[in-house]
Amino acid sequence: MTELRFVHLGFGPESVEYTEAWEEQRRVHAARFADETGDTCLLLEHPPVYTAGRRTDPSERPLDGTPVIDVDRGGKITWHGPGQLVGYPIMKLPRPVDVVAHVRRLEDALIRTAAEFGLETTRIEGRSGVWVLGDPVEERPALGGLSLDFDPRTGDDEFDARLNGPEYAPSNAGQRREDRKLAAIGIRVAKGVTMHGFAINVNPDSTWFDRIIPCGIRDAGVTSLSYELGREVTIAEVLPVIERHLRDVLEHADPKPRQIEPAAG
């Protein structure tokens, strides 16, 4: 792997509109494919925006008609905005391309970053991104005075948290002691070069997530470093830490595709 170059596109008052950053991704992607530049990670904040990946269902979008930008990454709908650190690693992968291995490397860097701040996070099978695990189901507080046996989310495929008050809101998953996502990952690989990337919640207003079904997941929620640690964490604190772990994981990884064991029999 080549040395990873970091580019700070804009934070705070200089946050970058999503479409502007997307255009810059495409420009760097073309340059990386042509070997006119090396592996590059764009780091930035966005003004508030909802983006929908290719697998987003219409029922997961905002009910109030808030605009959503449809993008060419994997995954479903999410929110970007102030207090969330977004990273777009644009890297050339060896062929045959192993997308899952690339996602796992990004998860590793994010897990290490959270650990350096004192927060234990993990993966959840079948759900990309980085998670804070909730309490065992039997130890969680009852919702709305009802026991978990009557939690409508567990037996009603049509249940919509967006219509049922704050006790079911994704931003309140920590109070419910449920699994909650700290960082989301959605990527695209075109011509062997990666695009899009990750978003880690540092100190955002998490109620923005309550207007959508974040990542299409109805039985979990979202969280942030500041919420979990009980103190204000800033983007400026996280930037050098995440750069160090991204560099360590991505530059020193063996990017060969994973070995797939042949099926028995």
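This is a short talk on the predicted model above, going from the overall fold to the cores, the spaces inside it and a few backbone details.

Okay, so let's start with the overall picture. We have a chain of 265 residues, and 53% of them are buried. The secondary structure comes to six helices and 11 strands. If you take the contacts with a separation of 6 or more, 74% of them are between residues 24 or more positions apart.

Now the nonpolar cores. As background, nonpolar side chains in soluble globular proteins tend to be buried together. Here the largest nonpolar core has 34 residues, and the ones touching the most other members are Leu85, Ile200, Leu225 and Leu246. Strand 2, helix 2, strand 8, strand 9, strand 10 and helix 6 each put at least two residues into this core. Which element gives the most to it? That's helix 6, with eight residues.

So let's stay on helix 6 for a moment. The helix has 18 residues, and from first C-alpha to last it reaches 25 Å, close to the 26 Å expected at 1.5 Å a residue. Plenty of its residues are buried, including Ile235, Val238, Leu239, Ile242, Leu246 and Val249. You'll also find Glu243, His245 and Glu251 on that buried list, if you want to click on some polar or charged side chains. What covers the buried residues of this helix? The cover includes strand 1, strand 2, strand 6, helix 2, strand 10 and helix 5.

Leu246 is a good one to zoom in on. Leave out the neighbours within four places in sequence, and leucine 246 is in contact with Leu4, Phe6, Cys41, Leu106, Ala109, Phe198 and Glu251. There's also another core lying apart from the one we've been looking at; this other core has 15 residues, among them Trp22, Leu42, Val49 and Ile90.

Trp22 takes us over to helix 1, where Trp22 is buried along with Tyr18, Ala21, Gln25, Val28, His29, Ala31 and Arg32. Helix 1 covers residues 18–33, and its 16 residues should span 22 Å at 1.5 Å a residue; the end C-alpha atoms are 22 Å apart, so the two agree. Just past the helix, aspartate 35 has a positive phi of about 60°. Hold that thought, as we'll come back to phi.

Next, the spaces, and the pocket goes up first. The largest pocket holds about 530 Å³ of space. Its lining has 29 residues, and nearest the centre are Gly74, Gly75, Ser128, Ile185 and Gly186. Strand 5, strand 6, helix 2, strand 8, strand 9 and strand 10 each bring at least two residues to that lining. Strand 9 has the largest share there, at five residues. By class, the pocket lining splits into 14 nonpolar, nine polar and six charged residues.

How many cavities of 30 Å³ or more are there? The count is one. The largest cavity has about 130 Å³ of space. It is lined by 16 residues, with Lys181, Phe209, Pro214, Cys215 and Val222 closest to its centre. Strand 9, strand 10 and strand 11 are the elements giving two or more residues to the lining. Strand 9 again takes the largest share, this time four residues. The cavity lining is made up of 11 nonpolar, four polar and one charged residues.

Last part, the backbone. Most residues other than glycine have a negative phi, and most peptide bonds are trans. With that in mind, here are a few places to look at. Arginine 177 has a positive phi near 60° and is located in the loop between helix 4 and strand 9. Is arginine 177 buried or partly exposed? Its relative accessibility is 31%, so it counts as partly exposed. Then there's lysine 191, with a positive phi near 55°, in the loop between strand 9 and strand 10. Lysine 191 has a relative accessible area of 56%, and anything over 50% counts as exposed, so this residue is exposed.

And one for the peptide bonds: arginine 95 and proline 96 are joined by a cis peptide bond, with omega at about -5°. If you're looking for proline 96, go to the loop between strand 6 and helix 2.

That's the tour, thanks.

Conventions:
Residues numbered from 1 in each chain as written. Predicted model: local features only at pLDDT ≥ 70, side-chain atom pairs only at ≥ 80, totals over all residues. Heavy atoms only, no water. 1 Å grid on protein atoms, 1.4 Å probe; cavity = no way out; pocket = protein on both sides within 12 Å on 5 of 7 lines; lining within 4 Å. Points joined across faces, edges and corners; volume = space filled by probe spheres on them. Nonpolar A, V, L, I, M, F, W, Y, C, P; charged D, E, K, R; others polar. Core = buried A, V, L, I, M, F, W, Y, C linked by side-chain atoms within 4.5 Å. Buried < 20%, exposed > 50% of the residue type's maximum accessible area, 1.4 Å probe, protein only. Contact = heavy atoms within 4.5 Å. Expected span 1.5 Å × (residues − 1).
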